[in-house]
Amino acid sequence: MIAAHVYDAGGVETVTVDSESDLEAARNADGTTWVRVAAATAEEMDAISRVFSIHALELEDIRNDVRPKTEEFPDHTFVLVKTASLRRGETTFDEEVETRPVGLFVGEDWVLTLTVEETTVPAVERVWRSVENREGRVLANGPDFAAYRVLDRIVDGYFGLLDEIETTIEEIEDGVLEGPDPSVLDGLNAVRRDLLSFRKVAWPTREALSVLARGDAAHVRDPTEKYFRDVYDQLVEIVDLTETYRDLARGARDIYLNTLSQSTNEVMRQLTVVATIFIPLTFVVGVYGMNFAGGAWNLPELSWPYAYPAVMLGMTLVTLVLVVHFQRESWL
Amino acid sequence: MIAAHVYDAGGVETVTVDSESDLEAARNADGTTWVRVAAATAEEMDAISRVFSIHALELEDIRNDVRPKTEEFPDHTFVLVKTASLRRGETTFDEEVETRPVGLFVGEDWVLTLTVEETTVPAVERVWRSVENREGRVLANGPDFAAYRVLDRIVDGYFGLLDEIETTIEEIEDGVLEGPDPSVLDGLNAVRRDLLSFRKVAWPTREALSVLARGDAAHVRDPTEKYFRDVYDQLVEIVDLTETYRDLARGARDIYLNTLSQSTNEVMRQLTVVATIFIPLTFVVGVYGMNFAGGAWNLPELSWPYAYPAVMLGMTLVTLVLVVHFQRESWL
Amino acid sequence: MIAAHVYDAGGVETVTVDSESDLEAARNADGTTWVRVAAATAEEMDAISRVFSIHALELEDIRNDVRPKTEEFPDHTFVLVKTASLRRGETTFDEEVETRPVGLFVGEDWVLTLTVEETTVPAVERVWRSVENREGRVLANGPDFAAYRVLDRIVDGYFGLLDEIETTIEEIEDGVLEGPDPSVLDGLNAVRRDLLSFRKVAWPTREALSVLARGDAAHVRDPTEKYFRDVYDQLVEIVDLTETYRDLARGARDIYLNTLSQSTNEVMRQLTVVATIFIPLTFVVGVYGMNFAGGAWNLPELSWPYAYPAVMLGMTLVTLVLVVHFQRESWL
Amino acid sequence: MIAAHVYDAGGVETVTVDSESDLEAARNADGTTWVRVAAATAEEMDAISRVFSIHALELEDIRNDVRPKTEEFPDHTFVLVKTASLRRGETTFDEEVETRPVGLFVGEDWVLTLTVEETTVPAVERVWRSVENREGRVLANGPDFAAYRVLDRIVDGYFGLLDEIETTIEEIEDGVLEGPDPSVLDGLNAVRRDLLSFRKVAWPTREALSVLARGDAAHVRDPTEKYFRDVYDQLVEIVDLTETYRDLARGARDIYLNTLSQSTNEVMRQLTVVATIFIPLTFVVGVYGMNFAGGAWNLPELSWPYAYPAVMLGMTLVTLVLVVHFQRESWL
Amino acid sequence: MIAAHVYDAGGVETVTVDSESDLEAARNADGTTWVRVAAATAEEMDAISRVFSIHALELEDIRNDVRPKTEEFPDHTFVLVKTASLRRGETTFDEEVETRPVGLFVGEDWVLTLTVEETTVPAVERVWRSVENREGRVLANGPDFAAYRVLDRIVDGYFGLLDEIETTIEEIEDGVLEGPDPSVLDGLNAVRRDLLSFRKVAWPTREALSVLARGDAAHVRDPTEKYFRDVYDQLVEIVDLTETYRDLARGARDIYLNTLSQSTNEVMRQLTVVATIFIPLTFVVGVYGMNFAGGAWNLPELSWPYAYPAVMLGMTLVTLVLVVHFQRESWL
């Protein structure tokens, strides 16, 4: 599906492109043209390739979803980026980073955006709408400015994704403090996977944008460079945040492991307190349960009149001493 | 709110700027002008942008609180830095790094400082006062020197923040040695978060200052460069300290985990000592509690005259042997 | 064993090379020649060395299986790469990365591939067959394009290997969640070894290809460079994936260790629950098993009419209180 | 306190400097002059600053004890280094790295060393004495050679410090193997702190010396460069050693933690052996302590003539089987 | 001890050098000269220094055993390398990396090798012998080729050392799987120390050789460079292997720690199984060991005719249920 915005002094005109000649007309129209391609057929691809001198490898790169990058061609600058969003799964912490490739081709007086799937990519869609609504003012700043707008939207999406991840980490941290629940670990692993996946998008995008920002791209004009530098700065921040969140996830895991060790320690203390108090007492009552008999030396205590209260008192005293001892060492 | 110091050979004159023409007058005045902007309205922003040829993106960068950086413009050098301070929360270790952006624009014979919020930033305020009090001598060294003074103050604040973090780490270390208290972990996590947040400020600031220090900035004159190099050296030290403190925090966590392991180990030893001594004894007294009867082979011990004292003596001996054994292995 | 494809405008001719003069004829034939060498004898090696001016050290590098690399020679570009595949062992997780060196020599109008062992390397074999089947069209693009096709195939094999490793990691992760089984650890160690071995192949290959991709190689023509850049991009992705998988393996190990700690914690809790409930009760029944007699103070309870039900009730109540307590702390 | 060595063809003359004119005389004397400043008063500082054109910031850097560095000035090269030594505290492992700044200013035919405190820095003192004793031969090689000698001495001190740290690590390792003593952890933390502090000195010193070694410093003559390269090589080695020692300290901590885990494991085994043997036996004797009576089915064993020996024998057999089992699994 | 090979068209002549004039004669002889110095006296050193214009610092570097390096001098290239071998100690895992410095000086038509100790370094010795045996063919390729041969031998020794370390790691891994034996930890620590020591040799050697391999050394001729590149490639591989082995050692440690955790977990399970089964049973038999009497409510069970078999059956059933439960959770 191919559509084109053609901007001329007067305003913007939107064209549906059905044939290669339509495409050529759009390209050669006066003013700035934005050709938007989504879910193109093989023939449409061929036509695009011919009309805009786009190399077959570039189109294949988009289809194969390779790493983001910027490449210079005689006629145009090719920027391959990816949108990224978080797809929540069934359980709380089951989530995954979903990416979709967007190809941007910036020529002398045209820009072409190419997406693979039918469903429109929101970042592209919104800028496309804003061209329609604001009578092409976006295109008035040249094709590179339109490309900047799309990239800016995509990078805004990255910040949204990172916000969601931060929320998840905070939920996990709260969960950790409430008690050592093994589901927390799954959540942390999911977050780590997300950050790894996202880093694989953000790092090369930063590289790709640095090319546009530092003035090496032939089809980025000087006044637009400032804007690309701004997006580049945002990406540096995003990569920074990714690292920070990985560190926080690691911190949450440490706390989790600690809570577990702490809990084991406390369980052991309780066991030890119970055992230390009652095992000796059980021994004592066992002594007076023995059946020795027949002789003045054999358990004479058994027949002393106050033996039972004396023994009970003795055991109570020992217990009190132990309880005080355990309380002093704050085991109780 | 806009105010300006205008320094001329004679001394310093302080002007309140109410309109764009005031602003232009201040800018074009003979001598060096320092324009201080705080919590400016949208109209004031526009006026500033026009009078000092400041690009809209620069002002947006300050508002959006992006990473510190230095950017060169035809008319001026733009430095975006951040003050950092520690905001203590309710509990002992609940603290957070708070940052506030400060924009510095250094022109030929003017310097402009811009802060977003109403409350004055202490670093800017103190230099501003010193200009008033010392009859403008700060401005006598040119606008870049005034910028240096503000940056120097901000970086001094970083050292203050790191001192507070060091104190917290020391408190935690002392706490760790007193016993494995889980609140210690929260404290360590807070410190780690603080250091991560602060690093996100300090690293790019170092980069931003290296541009000023190594003579690449058009509006920094040779004699002032030395001063910027000095601030840059301080920032290198700050980044170093940040890493050192992260390492110390990691060390404190290790000690904490160890104390916990050590404690579990000791708890287990105590349990084992109690169990090893009393469980066999309880078995022995259980034996003589059995009711076998009717036959010379059935528990003849029960009727031996000195059986009871003999058994008690035997158990005492076994206990003594075990106690000596445990003491030798220093379990007691 | 030496064979050659000679491509001329007309089509492709396949020659078996038996003598040095055959080799020279193949080399000097009009059009593009691909000489494929496998398991060559020492004499064949000498002939190749003489005819194509290949340095003895290059041949030795292939035999010694050194790190992948690209080297420039006056007459040709030498690329040493390795195929990598996973050889499954006897047990589930017993697997090993197997590599085989492939030497590529790209000259003006000839390309020579050299493998050490008799068995054909699939990557070379498949391109060789495609030259035969498609009447030499691969060679029509020049010797460097044929080299690209072989490299592309080899790198495709890397992706296959990484897919297998990913499957193994996922199997391990599933195994970990089912319970702490020590065989899981062996599996993780095997994966880590695999990734280490594979990284030793992938990293230098990336370096070797960067030389070809950035236009530094004399025998790579401009139109082919794009293709090498494409393979290079794939290798960057492969190195990335390697790191990601190492991280995932580390994550699986952490989960494993956690599951173990968790399990120990639960075992301890169960023990503590059983001990905390029954040890005191056993003490109580021990008390009433004592044989004190002869006096109003010696165990008068024993003869109270409802003593037994009362004691049993008391013990049941204590047990209930403890069970409720343990359930509240979710120990049960 | 200012003193000066003035070296001329004839020999060395030592002058005490009391006034600014003395200082100027020393500076302008024929031959090479070494001015040594220690604990200078504010006026002396001013005089030095004026006579040798030393910038106020340089003097401040020394006072503020900032990171080591080399800076070029029109008239001289400024090198700021630090001596480092280990100050042992009260307890065995209580030690701290103590540093003292030394400023070196190398001019055309003069060298100036500046230390802050009254007590003489041994490294400076020893070279100063050797100038006196050997009739100025050190100064005969120029002021840069004298600076080299001082730096060489300081770096020798670094090796001494590292030797002491190595000794401490070895003591700790020996202590770890003797048993899990918590004081070991304090020792390791002290070592880690020391290495962190020392690294903060050694790293920038290496940078500072690389400037002198690679011929970028205007006041270092070609024949002296070799010597600085030598000191630089030593510093590279020192930085290397620092990393190695950090790794060894980490290794010692791992061993410590392991010894602890090992000990806990053994304690648990002992407990389990005792409990596994005696708890079932206690149950058995409990059975025959029951008071069932009145019927052929109620504990008929009690009246069998050889019941007691039979039960004892049975229990002994069970115990033997368990002991053999535990010994086979090497738990005993 | 100084000896020299002098190679001329005719063949090789071996000379023992006794005086400075001998040395000069050897140096100035037609053809290529290799002077081998071992355990030289101070006078010999001086003579060498004079005849070959070798700086005192170079000789000192060899004596002081500093880091490997390549340095350019007007007359010669100085390469300092080290042989490395593993010295096995008394116990199995007690081993240490032993290094010995070798100085190589490559001039226009001479090469000088210098070792400190009396005992001959095998790497030098073997090349020396091969010159004798093969009539100087090694020297026919120039002094730089002879240096290459010595370096190649030394690096071969590195591979041997790494092979030994790999064997040790494999022995340790096998030991770990057999059971958690603390001697394993000592072995791992020894391996880690070895790898740290060896890395300190291999890293700078790689740097030193990169200078020779990339054509920066004045006394390495073009045809020899290829050979140095080959040695350099081997060193890159060696450094790689060092890192891989460190990783494997870390992996073995992880497995060890896991085996320990696993073992503790199993010990705890066994204890818990025994305690969970027998502690309640002991309570039950304790109940029927109580001496309540005198009333229909006091332990009427004691006199029921089938009470004993019923209780025994009940306990057997409970035990069976628990055993099945534990088997289902695979605790048994």
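Me: Helices (H or I, at least four residues) and strands (E, at least two) are DSSP runs, numbered from the N terminus. With that in hand, is the phi of Asp65(B), which follows H3(B), positive or negative?

Reply: Before that, a word on what you're looking at. This is a predicted model, in which local features need pLDDT of at least 70 and side-chain atom pairs count only at pLDDT 80 or more, while totals for chains, interfaces and linings use all residues. Residues are numbered from 1 along each chain as its sequence is written, chains are lettered from A and ligands numbered from 1 in the order in which they are written, and side-chain values use heavy atoms, leaving out hydrogens and water.

Now phi: most residues other than glycine have a negative one. Asp65(B), right after H3(B), has a positive phi, near 60 degrees.

Me: What is the phi of Asp65(D), and where does that residue sit?

Reply: Asp65(D) isn't a glycine, yet its phi is positive, about 60 degrees. You'll find Asp65(D) in the loop between helix H3 (56-64) and strand S4 (69-72) of chain D. On accessibility, buried means under 20% relative accessible area, exposed over 50%, and partly exposed in between (1.4 Å probe, protein chains only). Asp65(D) comes out at 27%, so it counts as partly exposed.

Me: And which loop holds Ser53(E)?

Reply: The one between helix H2 (42-51) and helix H3 (56-64) of chain E. Ser53(E), also not a glycine, has a positive phi of about 50 degrees. At 41% relative accessibility, Ser53(E) is partly exposed.

Me: Back to H3(B): which of its residues are buried, and what covers them?

Reply: In general, an α-helix has 3.6 residues a turn, so residues three or four places apart point the same way. In H3 (residues 56-64) of chain B, the buried ones are Leu57(B), Glu58(B), Leu59(B), Asp61(B) and Ile62(B). Their cover reaches across chains: it includes helix H8 (222-287) of chain A, along with helix H2 (42-51) and strands S4 (69-72), S5 (77-88), S6 (95-106) and S7 (110-115) of chain B.

Me: How do I read the environment of Ile255(C), and is that residue buried or exposed?

Reply: Contact means heavy atoms within 4.5 Å. Ile255(C) belongs to helix H8 (residues 222-287) of chain C and, at 9% relative accessibility, counts as buried. Setting aside neighbours within four places in sequence, Ile255(C) contacts Leu185(A), Asn189(A), Val176(C) and Leu177(C).

Me: Which residues does Thr32(E) touch?

Reply: Thr32(E), in strand S3 (residues 32-38) of chain E, is buried at 11% relative accessibility. Beyond residues up to four places away in sequence, its contacts include His5(E), Tyr7(E), Asp109(E) and Leu139(E).

Me: Zooming out, how spread out is chain A?

Reply: Chain A has 9 helices and 7 strands. Its radius of gyration (over C-alpha atoms) is 36 Å, well over the 20 Å the globule rule (2.2 Å times the number of residues to the power 0.38) gives for 332 residues, so chain A is more spread out than a compact globule. Its C-alpha trace spans about 125 × 35 × 30 Å along the principal axes. Domain bounds, from an automatic or database assignment, split chain A into domain 1 (2-260) and domain 2 (288-328). Their centres, over C-alpha atoms, are 81 Å apart.

Me: What about chains B and C: how far apart are their nearest C-alpha atoms?

Reply: 9 Å, and the two chains do not touch. Chains C and D have no contact either, with their closest C-alpha atoms 9 Å apart.
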